[in-house]
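Please take a moment with the sequence and the model shown here before reading on. The paragraphs that follow lead from single residues to the whole fold and back again.

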Amino acid sequence: LLISAILFSQLVSFLWYKSVFIFDKPRSLGLFLLTFFCGAVGTLSVVILYPFSSLYGPTLTAALATGMGANGLVTTILSLIQQPSSKSPNFTVMAYFQILSAILVLCFICFILISKLPSIQSLKRRDQTTQTVYESDILNEIDVPDTKSNFYVVRSLKSAIANQIYGSILYMTMTGLLPYTSKIYIESTASELYFWTNLGGVAFGSIGRLLTALKWRFYEVTLLSFVMTPMFLYLFVICFFGERHPRSDINIGFGIISVLLFSIFSVLYGYQDTINYHLAAKNLEGPLIERGSRFVGLANQIGNLIGSVIAFTLTSFYFS
C-alpha cells in the first residue's frame, strides 16, 4: 500500500500537466485517473493501517490518527511556501509532488522500523495503557481463537460505527462547501480567510486526534456528534444564505467566527474519529479488536462517500 502511494505520487509529478482531447476539449485525463488511484490508496489505508495500529494499543493508534490528520497540514504549509497563485512561485508543481513523494518514502521507512526492528517492537509492546487479554497475549505471542461473528462485532460497536458515519458525513460535506463561505467576505480578504479557515481545520483536527493519546479519554461519541451538529448547521447556513454586508468589519467578524467554529468543529471531529477506534479496543477482546477497527474504518469511508456526494451535488447544481 505504501509503495503504491509512492509510485502514484511519482506518476502525478510527471503526468499532471499531460492532457488529451476528449469531446473536442483538452482534459487532464492522467491527473483525473491518478487522483482516483491516490484516493483509493488513501481509502485502503484507513481500513488497513488502523487495524494494524490496534495491535499495539492506544498510543500507536493516536499517533497514526494524528499523522493522518496532519497530512492536510503538511500540504497546506507546503503550498503556503510555494505560493502557487503568484506570478513566480517559489518552486514548480513537479517539485511540490516530489517533496510529497519524499515524505511518503520517509513514512515507508518509519513503517519498516515499527514493524521489523525488535527494539522498537519491544518498546511499543511495553507502551500499553490498557491491559486486555488480547494485548497480554500479543506480548507472549499466544494465538487467541476468533469465534465471534461479524454481527456480534458490529452490535458491540454500534454507537461507534453510527457516529463515525454521521461525523464523517458532516466533516466531508463541510469541507466541500467551505470555499463558499468566502462569498460573504470582501474580495481582498476572501482568499486569506478561507486559507486560515482551512489551516485551522487541519491543524486543530490533528490536535483532537493527539488528545486521544492521553490516559483519560471521553468515550461519549454521541454527545460529541450532538455538539458538532449546530456548528455544522451554522457554517452550512452561511454557505447558502450568507450575503456580503456593506460594512467590511462585519464581514471580517463573520469570517473570524467561521474560522473559530470550523477549528473547534475539527478538534471534536478529530477526537471523535480516533476515539471510535479506541472503542474497538475497549468493547472487544482478542483478535476482535482488529476486526472491529476494520468496521470502524469502513464506517469512516461510508460517511466520507456520502458527504462527498452531498457536497458535489450541492456545488455542481445549487452554487453553479
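Is Arg-294 buried, partly exposed or exposed? In this predicted model, Arg-294 has a relative accessible area of 41%, so it counts as partly exposed. The side chain of Arg-294 meets that of Glu-290 in a salt bridge, with 3.1 Å from N to O, and both residues lie in helix α12, 4 residues apart, which is about one turn of the helix. Side chains of opposite charge can pair when their charged atoms come close.

The structure holds 2 salt bridges, and the other setting to look at is that of Asp-273, which forms a salt bridge with Arg-209, the closest N and O atoms being 2.5 Å apart. This pair links distant parts of the chain, since Asp-273 belongs to helix α11 and Arg-209 to helix α9 (residues 187-211), 64 residues apart. Asp-273 and Arg-209 are both buried.

With these pairs located, the overall plan can be followed. The protein has 12 helices and 2 strands, and from the N terminus on its elements run α-β-β-α-α-α-α-α-α-α-α-α-α-α. Of its 320 residues, 40% are buried, and among the contacts with a separation of 6 or more, 80% are between residues 24 or more positions apart. The protein exposes about 17,200 Å², of which carbon and sulfur atoms supply 71%.

Turning to the interior, the largest nonpolar core has 35 residues, and those with the most contacts inside it are Leu-157, Met-174, Met-228, Phe-262, Phe-265 and Leu-284. Helices α2 (29-54), α8, α10 (221-241), α11 (248-283) and α12 (288-318) each supply at least two residues of this core, with α11 giving the most, at 10 residues. Met-174, when residues up to four places away in sequence are not counted, touches Phe-232, Leu-235, Phe-236, Cys-239 and Phe-262. Apart from this core lies another, of 5 residues, including Ala-5, Phe-8, Leu-34 and Val-41.

Polar residues are also found inside, and helix α8 (residues 158-177) offers Gln-164 as one of them. Gln-164 is buried because its relative accessible area is 0%, and its side chain is joined to that of Asn-276 by a polar contact of 2.9 Å. Leaving aside neighbours within four places in sequence, Gln-164 is in contact with Gln-272, Asp-273, Asn-276, Tyr-277, Val-296, Ala-299 and Asn-300; among these is Asp-273, the residue that forms a salt bridge with Arg-209.

Ser-168 is likewise found in helix α8, and with a relative accessible area of 0% it is buried. Its C-alpha atom is separated by 4.6 Å from that of Gly-303, although the two residues are 135 residues apart along the chain. Not counting residues up to four places away in sequence, Ser-168 touches Tyr-269, Asn-300, Gly-303 and Asn-304, and a polar contact of 3.4 Å joins the side chains of Ser-168 and Asn-300.

The last stop is at the surface, where Leu-7, Leu-11, Phe-14, Leu-15, Tyr-17 and Met-94 form a nonpolar patch that together has about 520 Å² of accessible area. Helix α1 (residues 2-15) gives the most to this patch, with 4 residues. Leu-7 is found in that helix, α1, and because its relative accessibility is 49%, Leu-7 counts as partly exposed.

Terms used. Residues are numbered from 1 along each chain as its sequence is written. This is a predicted model: local features need pLDDT of at least 70, side-chain atom pairs count only at pLDDT 80 or more; totals for chains, interfaces and linings use all residues. Side-chain values use heavy atoms; hydrogens and water are left out. Buried means under 20% relative accessible area, exposed over 50%, partly exposed in between (1.4 Å probe, protein chains only). A polar contact is a pair of N or O atoms within 3.5 Å; within protein, one must be able to donate a hydrogen and the other to accept it, and residues adjacent in sequence count only if both atoms are side-chain atoms. Contact means heavy atoms within 4.5 Å. A nonpolar core is a set of buried Ala, Val, Leu, Ile, Met, Phe, Trp, Tyr and Cys residues joined through side-chain atoms within 4.5 Å. Patches are made of residues with over 30% relative accessible area and no salt bridge: like charges are joined within 9 Å, nonpolar side chains (Val, Leu, Ile, Met, Phe, Trp, Tyr) within 5 Å. Accessible areas come from the Shrake-Rupley method with a 1.4 Å probe; for residues, only the protein chains shown count as cover. A salt bridge is a side-chain nitrogen of Lys or Arg within 4 Å of a carboxyl oxygen of Asp or Glu.
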